[in-house]
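Please consider the following protein model alongside its sequence. The explanation below moves from charged side chains to the packing of helices.

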Amino acid sequence: MSTFHGLEMAKQALFAQQSALYTTGHNIANANTEGYSRQRVNFEADQAMPSASRNRSGMPGQIGTGVKAGSIQRIRDHFIDHQFRGENSLAGYWEKRAEALGRMENVLNDLDDTGLSEAMDQFWSGLQDLAVNPTNGGARSVVVHRGIALSDTFNYLNQSLTQIRNDLKTEMNHSVENVNRISEQVNELNTEIKALEIAGYIPNDLYDQRDLLIDELSRIIPIDVSYEKSGDHVGDAAQGLAVIEVKTEEYTDADGNTKNGYKLVDGENLTYQSISLAESVREGFSYISGIQLDLDGSPLSLETGREGTLKSLIDAYGSGENKGDFLKGLKDLTDLRNNFIEAFNVVHHEGVPLDETVEPVDFFVIDDNGNMVVNQEIIDNPEWITAALEGEGDGKNALELAKVFDEAGIKEAYAQLTGSLAVQVEDAERMQRNTTVLLSQLEGSRQSIRSVSLDEEMTNMIKFQHAYNAAARSMTATDELLDRIINNMGLVGR
């Protein structure tokens, strides 16, 4: 064993404790950095001497050679990360669904005096007054204007739901852009990580950046994440290259293989796929028919489960015939309006205008823009309203017109529409609360493992500082021993 072995051992101790101090300082500096995972230096005892060999020395045991910094490890639980991402997708779905249904409920809200039910009641009341005074010009004018108010209310509801639906489409496009942006960034990080891991480094900070992006992606779409080794000779501490697979409904690929997902990011080949929305139109309404893969153009549907904000937006916007909250709501409202117009006009044609020489005309019509309006001829000539069945002074047909609301089931259908929506909103808000609580618990578990505790880091700093000082003192003691041997021994007899 070398005479200077003590110096070498003290030097290694200094370097090891110094690396621990630097790592502690790095943790403290990033205490408030989003997505940062605290790091720890794993100390390892260096190989003892002498090693097993034929010419080993005859000492009775091995002597330690000091310490080395084996690796710098990220403190993170990948199982909890997997749980978090699954729950994050669920929470994202229900949060966006509660928001979308809440906006629909605000439009169709019938609790105040400005909703469709109030407009129908006012129109019904006007028809009742007309039945009592069928020849009164004022009563006829009231019916016309309340008919206009009812038409405006139907049009407002239709336009408001259409506008919100357009907003949902804009938000879907933005979500797709985020998916493509994140996929590209994860692929770039995979490329950097591979170069560093092959060179023997452990890029912990790049791992954190990648995991933060994957967490963000899991909020948008349901994903499965796995890791491929970046090379045959990388260390065990290397996490590898991320492979991100999006969960979809079962489909058959070009080779005839049955799959239920596709690789969004392929860490093995360092490639990624961009996606877009495949859109179709039916009966004048557009809907999302699937997710388009830009590499092969195959439209796929996301998993039928309720995961991810993108799936929630698609479910609200419309994903097929009569599928989608706003698509179904618009069609139900349009059908309700058209059924009412048809039933009301049929009864209106059965009556007699105040001027019996005039043929009855439709009271309500649909204009070129698809809006419900009162016939302009009725607006210009209120006496053309067919309040009578047999002649002047007879208000029987006005009563028949008022009965349309009940006989055609218009009020009942609208009450069913709003009642069903209220139940859906309540369910979505309940699920949002539940998933948010579970997500908060998982995030708390993650933070308890990976987050930086300043108190703990300060304790570690003091511990490593004392160890560094002790190593320095050991080096000083060894230096004094060598000084005694070199400069003070062998002087007797000179």
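The crossing of helices H3 and H9 is left-handed, and it offers a convenient place to begin with this predicted model. Two packed helices are described by the angle between their axes and the distance between the axes. For H3, which spans residues 116–132, and H9, which spans residues 396–407, the angle is about 160 degrees and the axes lie 8 Å apart. Since angles over 145 degrees count as roughly antiparallel, H3 is roughly antiparallel to H9. On the H3 side, the residues in contact are Met120, Phe123, Trp124, Leu127, Gln128, Leu130 and Ala131. Their counterparts in H9 are Ala398, Leu399, Leu401, Ala402 and Phe405.

A second pair of helices is arranged in another way. Helix H6 (residues 309–317) packs with helix H7 (residues 325–350) at an angle of about 10 degrees, and their axes are 3 Å apart. H6 and H7 are therefore roughly parallel to each other. Here Asp315, Ala316 and Tyr317 of H6 meet Asp325, Phe326 and Leu327 of H7.

Tyrosine 317 also serves as a reference point for phenylalanine 79. The two residues are 238 positions apart along the chain, and their C-alpha atoms are separated by 34 Å. Phenylalanine 79 belongs to helix H2, residues 78–108. Its relative accessible area is 55%, so phenylalanine 79 is exposed.

Attention may now turn to charge. Side chains of opposite charge can pair when their charged atoms come close. The structure contains 24 salt bridges. One of them joins aspartate 81 to arginine 446, with an N to O distance of 3.0 Å. Because aspartate 81 lies in helix H2 and arginine 446 in helix H10, this pair ties together parts that are 365 residues apart in sequence. Both partners are withdrawn from the surface: aspartate 81 counts as buried at 2% relative accessibility, and arginine 446 is buried with a relative accessible area of 4%.

Arginine 446 has a further partner in glutamate 443, the closest N and O atoms being 3.4 Å apart. Both of these residues lie in helix H10, three residues apart, or about one turn of the helix. Glutamate 443 is partly exposed, with a relative accessible area of 23%. Through shared partners, salt bridges join Arg74, Arg76, Asp81, Arg85, Asp208, Asp211, Asp215, Glu443 and Arg446 into one network.

What is the situation of arginine 450, with respect to salt bridges? Arginine 450 lies in helix H10, which covers residues 410–450. The residue is buried yet has no salt bridge. The nearest side chain of opposite charge belongs to glutamate 443 and is 4.2 Å away, whereas a salt bridge requires the nitrogen and oxygen to be within 4 Å. Leaving aside residues up to four places away in sequence, arginine 450 touches Gly35, Tyr36, Ser37, Arg38, Ile75, Arg76 and Glu443.

A last salt bridge pairs glutamate 279 with lysine 169, where the closest N and O atoms are 2.9 Å apart. Glutamate 279 lies in strand S7 (residues 275–282) and lysine 169 in helix H4 (residues 137–198), so this pair ties together parts that are 110 residues apart in sequence. Glutamate 279 counts as partly exposed at 36% relative accessibility, and lysine 169 is likewise partly exposed, with a relative accessible area of 27%.

Note on methods:
Residues numbered from 1 in each chain as written. Predicted model: local features only at pLDDT ≥ 70, side-chain atom pairs only at ≥ 80, totals over all residues. Heavy atoms only, no water. Helix = DSSP H or I, 4+ residues; strand = E, 2+ residues; numbered from the N terminus. Buried < 20%, exposed > 50% of the residue type's maximum accessible area, 1.4 Å probe, protein only. Lys, Arg positive; Asp, Glu negative; His and termini not counted. Contact = heavy atoms within 4.5 Å. Axes fitted to C-alpha atoms, helices over the stretch in contact; angles between N-to-C directions. Parallel < 35°, antiparallel > 145°, perpendicular 65-115°, else oblique. Left-handed = near helix turned anticlockwise from the far one by under 90°.
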